[in-house]
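Subject: Handover of a structure and notes on its contents

Dear colleague,

Please find the structure below, handed over for your use. My notes on salt bridges and on one sheet follow it.

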Amino acid sequence: MSKKFELMEQRSALLKKAREAADDTEAFKTIMAEADTLEQRINNLARLEDAERTEPGTPIHGDAKLSNEIRSKFSLVRAIAAQSGLAVDAGFEREVQAELAKRAGRPPKGILIPTEIFEIEKRVLTTSGGSDLIATEHRPDLFISALSANTVVRSLGATVLTGLIGNLSIPRETDSPAVGWVAENAALTPDDAAFDDVTLSPHHVGTIAEYSRDMLLQSSPAVEQLLRNMMARNIAKAIDVAAIQGGGANEPSGILDNNDIQTVDGSALDIFTAVADAVSKADIANVTASRALLTDNVIKKIASLALDGQGRPIGIANVFSNERVVFSNLVPTDANSPANRSLIYGDWTELLLGIWSELDVLVNPYESTAYSKGNISVRAMATVDVALRHPEAFVSIQGITASSDAMPASP
């Protein structure tokens, strides 16, 4: 039971007492003063819950001082250039490899890149080749990024676990002892608590790209940021897609791939009613924390075009019952019926994103295609997994199509 709910029950009890004491002015004033104090505490908790709903997921790191030093000093460009044999000063990058390998629990195949240097929750710049980034000829700080979907899972509030080493097993309570009333001298019925585990194990995702020697020899901060952003964006998008659905070959099993989440059949419903059903299911399951709805931009268009009886826009917030909603092109359509859109409602702190070690980057200056042009081939890989602490904290709405109504028909 949430603290806010307990306070609301106490306030209701006080209001009942106030009605009974309506003829006693002093008692009535005293009771109403207590009720007003509780009302303020309830409002404070409501504001706190609202703030928590919009709070991004917080990565769990180890040594904060070391993380800050790495974030300010570590250069991805210098690390790759040094690994490829170019004459650059990469003393700090070499120095921290031992610490990064300790975090990873294994030696790297190439070089380890610390996750601290990446800002993968934000929209980032990207490039398809390094030859156009020579600062003496162009403006890399003004480079135009490719159009790409933003990552969303962390900003929704997913719980991020970094620096993992072995497989992770988290105990979970599945049933608590039953409570019952008994007569005098009667025995209570024994009932034990039940537990199981939520497990995360390593899954690998990566990319291979080719960079020019000129790009890696540049000292321009813009070149450094462009290279970081490209790796961060592409791998972060792949992780988001796996967290939202997953279940493909070698992928983690994401939210929509979990058979234990709750569902709403929206095929015969308008969006407003389907969302109300999802909210009700979450309420009944005691889902209380960082709730939000994730869906795609087709649903956004339907909600944006909804009109009231006078032909005025209803507003997106009203269509979704004033629940927080995020729209993303990373949300897949229904695998069983591509015309159907997916909507996911739930407490996103219940989504665990486990990250093993750092980004492992292997530099190969001898790959045949790159070598013939004097370029360098770079492979980046991340090792992650996703899991749900309580699958019932998520409700999947399926069956909504591009022709669905946003609101119920007028009576």
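How many salt bridges does the structure hold? The structure, which is a predicted model, holds five salt bridges. Three of these are described here, together with the accessibility of their residues.

**Salt bridges**

Among the five is the pair of E93 and R78, whose closest N and O atoms are 2.7 Å apart. E93 belongs to helix α5 (residues 91-95) and R78 to helix α4 (residues 76-83), so this salt bridge ties together parts that lie 15 residues apart in sequence. E93 has a relative accessibility of 3% and counts as buried, because buried means under 20% relative accessible area. R78, at 30% relative accessibility, counts as partly exposed.

Another salt bridge is formed by D283 and R291, with 2.6 Å between the closest N and O atoms. Here the acidic residue, D283, is partly exposed, with a relative accessible area of 42%, whereas R291 is buried at 10%.

E350 and R389 also meet through their side chains in a salt bridge, at 3.7 Å from N to O. This pair links distant parts of the chain: E350 sits in the loop between β10 (340-347) and β11 (351-364), while R389 sits in the loop between β12 (376-388) and β13 (394-401), 39 residues apart. E350 is buried, with a relative accessible area of 12%, and R389 is partly exposed, with 30%.

**The open sheet**

Strands β10 and β13 also belong to an open sheet of five strands, which has the order β7-β13-β10-β8-β9 and mixed pairing. Its edge strands are β7 (262-265) and β9 (325-327), each of which pairs on one side only. From one strand to the next, the twist averages 20°.

Within this sheet, β10 and β13 run antiparallel and are joined by six bridges. As for individual residues, L343 has I397 in β13 as its bridge partner. Helix α10 (residues 271-284) packs on the sheet, where it touches β7, β8 (291-295), β10 and β13. The direction of helix α10 makes about 165° with that of β13.

The D283–R291 salt bridge can be placed in this arrangement as well: the range of helix α10, residues 271-284, takes in D283, and that of β8, 291-295, takes in R291.

With kind regards

Methods:
Residues are numbered from 1 along each chain as its sequence is written. This is a predicted model: local features need pLDDT of at least 70, side-chain atom pairs count only at pLDDT 80 or more; totals for chains, interfaces and linings use all residues. Side-chain values use heavy atoms; hydrogens and water are left out. A salt bridge is a side-chain nitrogen of Lys or Arg within 4 Å of a carboxyl oxygen of Asp or Glu. Helices (H or I, at least four residues) and strands (E, at least two) are DSSP runs, numbered from the N terminus. Buried means under 20% relative accessible area, exposed over 50%, partly exposed in between (1.4 Å probe, protein chains only). Two strands pair if DSSP finds at least two bridges between them. Axes are lines fitted to C-alpha atoms, for helices over the stretch in contact, and angles run from 0 to 180 degrees between N-to-C directions. Contact means heavy atoms within 4.5 Å.
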